[in-house]
Amino acid sequence: MSAPAIVLRPGHASDLPHLQAFDPFAGRRDREIEEGLLQVAARQNEVLAYLTFSRGGFVGNPYIEFLAVAPSGRRQGLASRLLAWALAQHPGLRVFISTEADNFPMRALLQAGPWTEAGAVHGANGPRAAEVFFYTDVPSLVLPPARS
Ligand SMILES: CC(C)(COP(=O)(O)OP(=O)(O)OC[C@H]1O[C@@H](n2cnc3c(N)ncnc32)[C@H](O)[C@@H]1OP(=O)(O)O)[C@@H](O)C(=O)NCCC(=O)NCCS
């Protein structure tokens, strides 16, 4: 029998305990869930990864704020699939994402995709590594001509 499919869907409040079990970032993701800014990758009831949009964006552009995959789910394309979904939500726009300069898995992931390095902000993470920003321009949707 084949393994249950992985689905991408909006996060629910009931997902929070699962997220917290692998979330490497400070704080909780309650607000993002409440505001519909958090998307998960799940296999049945098991949440394996999540991505959030920042409510305020980044200088007027959509900004992917958090992206995390449970250790057991890594290197299976989950982050890539969540990123592809996130970009598909923003046709015709420039989308930003960022990571600490010394986060080599994340930098490898971004290098494997359509991302252009935009520059580093020193001091954003206190004494830790600089935050490096990347962007990509999502193609516009091309619709068939309107029927006359
Ligand atoms: C970074 C992270 C999100 C990657 O998630 P993932 O689901 O494992 O990534 P994918 O499977 O989609 O990887 C796609 C490609 O990225 C590159 N990549 C990803 N992780 C890598 C690693 N540890 N080492 C080298 N290359 C890596 C590879 O090119 C990979 O393709 P391949 O597996 O066919 O070689 C995950 O390691 C993670 O959650 N880390 C902790 C949280 C974090 O740092 N988030 C980013 C800050 S916002």
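**View 1. Here's the ligand and the residues around it**. Of the 19 residues around the ligand, the ones that come nearest are Arg 74, Ala 79, Ser 80, Pro 105 and Ala 108 (a residue is near a molecule if its C-beta atom, placed from the backbone, lies within 6 Å of it). Two or more shell residues each come from strand E4 (63-69), helix H3 (78-88) and helix H4 (104-111); helices (H or I, at least four residues) and strands (E, at least two) are DSSP runs, numbered from the N terminus. This is a predicted model, where local features need pLDDT of at least 70 and side-chain atom pairs count only at pLDDT 80 or more, while totals for chains, interfaces and linings use all residues. Residues are numbered from 1 along each chain as its sequence is written.

**View 2. Now look at the open sheet**. Seven strands line up as E1-E2-E3-E4-E5-E7-E6, with mixed pairing (two strands pair if DSSP finds at least two bridges between them). Strand E1 (6-10) and strand E6 (116-121) sit at the edges with a single partner strand each, so one side of each has no neighbour in the sheet.

**View 3. Zoom in on E4 and strand E5**. E4 and E5 (residues 94-100) run parallel and are joined by two bridges. Ile 64 stands opposite Ile 97 in E5.

**View 4. Step back to the protein chain**. You'll find four helices and seven strands, and from the N terminus on the elements go β-α-α-β-β-β-α-β-α-β-β. The C-alpha atoms fill a box of roughly 55 × 50 × 30 Å, taken along the principal axes.
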